[in-house]
Amino acid sequence: MRHARSAGWLWMTATLALAVGLGQGGCSRPAAPGNSAGGKADGKPRVALVMKSLANEFFATMADGAKAHQAGAGDRYELITNGMRNETDVSEQVTIIEQMVARGVAAIVIAPADSKAVVPALKRAAEAGVLVVNIDNRLDPEVLAEAGLAAPFVGPDNREGARLAGEAVAKQLDSGAEVAIIEGIVTAFNGQQRVLGLEDAATAAGLRIVARQSGQWEMEKANGIAAAMLSEHPALAAILCANDSMALGAAAAIEASSRRVLLSGFDNVAAVAPLLADGRLCATVDQHGDRLAVEGIETALAILAGAAAPEDRTTPVDLVTGKP
Ligand code: ALL
């Protein structure tokens, strides 16, 4: 298994640590963020990390990364972590946003379940004085502009990441080979970008995309979809999935079919390690979920401290390939 780690995280972490350090050294706090209670517990800013389904190992890893960071950061901030029960329940995420505002947090660091539907709730949070930092899945820029909400985005180039995974699979196929794509939730911007990246790779290699369907980021749904794709397309050579949960579901369907069909995912969750090791999974993409939340939190703390402007940051993606 090959795993190319980039130096990007080290650079980002150092830059942000410096920015926060400077802020603590006396820069003034901006007027906008922070609610009437100041979002502070014992003088510490209270930061809410709002994720999606904790049944997805990607978010469990993200939560662990954030908790370890908070524990190691001594008294710098108080952390509240939240997750949803399933990937599709956007209304649950809206309720969590409202609860966090009611608890007087200074900042919400959010991986939105939907790029448009949660914007009104975040706008209400911002009106209550809460700083909103968007991680992982980018909020729709047009909807943000319509709402008059500014939220810096900290996250990866999903199109590029997916292209790398698609390319790793394509290298093992001949031009004209049939491939299928299992997408994430279609209204999630990162899901859309990943499909574009997979298409980029397929087009460049002359592969034929013969099927494409949303597995809504979920293992079971992807399992059923992959099984149907396999029976409808006897010449199917590869299934490209927009995340690892769905790749795990597709892997089970491929195994049940007893066919040799190549597979890729995205996230590099621990559960795919055995599949990479024995070649059932050709490639996945590490977007460093644990670090992603930490960078979002550091960005929020720096802005709250008046030490950084609310700017977007692109985080690294690294291709991880399995046994050929
Ligand atoms: C996205 C993440 C992951 C994940 C998915 C499921 O936002 O980037 O790839 O698997 O959400 O909710």
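These questions and answers concern a predicted model of a protein with a ligand, and each sets a value against the criterion behind it.

Q: What makes helix α3 roughly parallel to helix α4?
A: The axes of α3 (residues 90–102) and α4 (residues 119–127) cross at roughly 5° and come within 9 Å; because angles under 35 degrees count as roughly parallel, α3 is called roughly parallel to α4.

Q: Which residues of α3 and α4 meet, and how do they divide into nonpolar, polar and charged?
A: From α3 come Val94, Ile97, Glu98 and Val101, which meet Ala121, Leu122 and Ala125 of α4. The residues of this contact divide into six nonpolar, no polar and one charged, and since Glu counts as charged, Glu98 of α3 is the charged one.

Q: Why is the ligand said to lie between domain 1 and domain 2?
A: Domain 1 (14–156 + 289–315) and domain 2 (158–286) both give residues to the shell around the ligand, and therefore it lies between them. Of the 15 residues around the ligand, Lys52, Phe58, Asn137, Trp217 and Asn243 come nearest, while the shell as a whole divides into four nonpolar, seven polar and four charged residues.

Q: How do you know that residues 1–37 call for care, given the pLDDT there?
A: The protein averages a pLDDT of 89, and 87% of the residues score at least 70, but over residues 1–37 the pLDDT is below 50, although this stretch has 67 contacts in the model beyond near neighbours in sequence. Where pLDDT is low, the predicted coordinates should not be read in detail.

Technical notes: Residues numbered from 1 in each chain as written. Predicted model: local features only at pLDDT ≥ 70, side-chain atom pairs only at ≥ 80, totals over all residues. pLDDT = per-residue confidence, 0-100. Contact = placed C-beta atoms within 7 Å. Near = placed C-beta within 6 Å. Domains from an automatic or database assignment. Axes fitted to C-alpha atoms, helices over the stretch in contact; angles between N-to-C directions. Helix = DSSP H or I, 4+ residues; strand = E, 2+ residues; numbered from the N terminus. Parallel < 35°, antiparallel > 145°, perpendicular 65-115°, else oblique.
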